[in-house]
Amino acid sequence: MAYCVWLSVAFVLFAGSALPWEIPALHCALYGFCECGFRPDVAAMECDLARNVFGQNLAHKLLVKAMKEFLDNDSPSKPLVLSFHGWSGTGKTFVSSLIIKHLYEEGSQSHFVHHFSPILHFPHTQNIKHYKEDLRRWIQGNLTACGRSVFVFEEMDKMHPGMIDTIASFLGSSWVVYGSNYRKAIFIFISNAGGEDINEIALDYWRHRKDRDEIQLQQIESAISKAVSSNPKHGFWQSQIIDQKLIDVIVPFLPLRPHHVRLCIENEMLQQGLALNETLVNKVADSIVYFPEKEKVFSLTGCKTIASRLSYYV
Ligand SMILES: Nc1ncnc2c1ncn2[C@@H]1O[C@H](COP(=O)(O)OP(=O)(O)OP(=O)(O)O)[C@@H](O)[C@H]1O
Ligand SMILES: [Mg+2]
């Protein structure tokens, strides 16, 4: 660590001609010691997830275990590949940003965190060939610059099928990048696929008065796998990534109960510097639509619209 700091100072002194924002990248590319501002703090990550993410005990447990195992290993045999699934507003994007926050010194501002969204980055079906080539080159270039990169693929259920296979080789154990250990990278795929099935399972537990924390991972995993493989519009449709079992952990996000929604409202109030006020919490909570219509067990939009609803009622 001290060596890393010393090297940074020396580099800044001697790299007079480099532009300031190029220094960390150059530094890592040349020496690879600092691993690109990668400063994982799994204890802080665990704490942040426990304090700020509600109703996702299963996801919490799976993620903390996977992160610990992966980060404790100086020489992992393959990159860590996570696939997040669940209904809208249940915390998939939120959790991915909390994880990243505790991986890099600069958190989500790190140059080594890369986000992709099919609608934004790969919108036109006729350009798939170019997108595939660009994506492959982008991943390879960034893994060469920093083996500790994180790649987040949002909305996998809107990704053109066949597109993502262009990076399948980077997710396994056989690909080699000169001068960089690409096996230290983390890939996170996010989609709503399987969300309805996860909701069905959670509803079934609720109807049988069983604790949702007892939901069996195997049951939920197989429902998600079926939902993905039966959806020809999903980015993982007939994908090598599935066939070659390159996903290490399927992370399910359960639908949120009304009391989780209330916790989200309270959290949002605190973040906006508002004093906790039960009347206001009730107003916002009552404005949410819950399903099934008769029993009103889960929030239809999770905690997604809380911030804007709160502004409306304040
Ligand atoms: N389980 C949760 N615990 C605490 N806050 C949550 C949770 N789920 C969602 N939120 C809040 O709602 C916001 C929206 O959630 P997020 O964007 O993560 O949903 P999502 O699962 O990615 O939905 P989508 O599938 O529509 O993209 C978050 O920024 C966070 O403030
Ligand atoms: Mg999201």
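# Glu155 and friends: how the labels are earned

Q: Why does Glu155 count as partly exposed?
A: Glu155 has 17 C-beta neighbours inside 10 Å. The cut-offs are 20 or more other C-beta atoms within 10 Å for buried, 12 or fewer for exposed, and partly exposed in between, with C-beta atoms placed from the backbone. The count of 17 sits in the in-between band, so Glu155 is partly exposed.

Q: What kind of model is this, and how are residues, chains and ligands labelled?
A: It's a predicted model, where local features need pLDDT of at least 70 and side-chain atom pairs count only at pLDDT 80 or more, while totals for chains, interfaces and linings use all residues. Residues are numbered from 1 along each chain as its sequence is written, and chains are lettered from A and ligands numbered from 1 in the order in which they are written.

Q: What makes the backbone at Glu155 worth a look, and where is this residue?
A: Glu155 isn't a glycine, yet has a positive phi of about 45 degrees. You'll find Glu155 in the loop between β3 (150–153) and α8 (168–171). As for those names, helices (H or I, at least four residues) and strands (E, at least two) are DSSP runs numbered from the N terminus. The protein chain has 14 helices and seven strands.

Q: How do you know whether Lys245 is buried or exposed?
A: Count again: Lys245 has 9 other C-beta atoms within 10 Å. That fits the limit for exposed, so Lys245 gets that label. Lys245 is another non-glycine with a positive phi, about 50 degrees, and belongs to the loop between α11 (240–243) and β5 (249–253).

Q: Why is Phe122 called buried?
A: Phe122 has 22 other C-beta atoms within 10 Å, which meets the bar for buried. Phe122 lies in the loop between α6 (118–121) and α7 (128–145).

Q: Which residues is Phe122 in contact with, leaving aside its neighbours within four places in sequence?
A: Those are Tyr131, Met159, His160 and Met163. Contact here asks for C-beta atoms, placed from the backbone, within 7 Å. Phe122 and Met159 are 37 residues apart in sequence, and their C-alpha atoms are 7.8 Å apart in space.

Q: What makes Thr144 in helix α7 partly exposed?
A: Thr144 has 15 other C-beta atoms within 10 Å, so the in-between class applies. Its C-alpha is 7.4 Å from that of Tyr182, which is 38 residues away along the chain.

Q: Why is the largest nonpolar core placed between two domains?
A: A nonpolar core is a set of buried Ala, Val, Leu, Ile, Met, Phe, Trp, Tyr and Cys residues joined through C-beta atoms within 7 Å. This one has 71 residues, and Val150, Phe187 and Ile188 touch the most other members. Domain 2 (42–253) and domain 3 (258–313) both supply residues, so the core lies between them. The domain bounds come from an automatic or database domain assignment.

Q: How do you know whether α3 and α5 run roughly parallel or roughly antiparallel?
A: The axes of α3 (residues 42–52) and α5 (residues 92–101) cross at roughly 150 degrees and come within 9 Å. Axes are lines fitted to C-alpha atoms, for helices over the stretch in contact, and angles run from 0 to 180 degrees between N-to-C directions. Under 35 degrees is roughly parallel, over 145 roughly antiparallel, 65 to 115 roughly perpendicular, and the rest oblique. So α3 and α5 are roughly antiparallel. Met45, Asp48, Leu49 and Asn52 in α3 meet Val95, Leu98 and Ile99 in α5.

Q: Why do α9 and α10 count as roughly antiparallel?
A: α9 (residues 195–207) and α10 (residues 217–229) pack at about 150 degrees, with axes 8 Å apart. That angle is over the 145 limit, so the label is roughly antiparallel.

Q: What makes α13 oblique to α14?
A: Helices α13 (residues 278–287) and α14 (residues 306–313) pack at about 125 degrees, with their axes 10 Å apart. That angle is in none of the other bands, so α13 is oblique to α14. Leu280, Lys283, Val284 and Ser287 of α13 make the contact with Ile306, Arg309, Leu310 and Tyr313 of α14.

Key: Contact = placed C-beta atoms within 7 Å.
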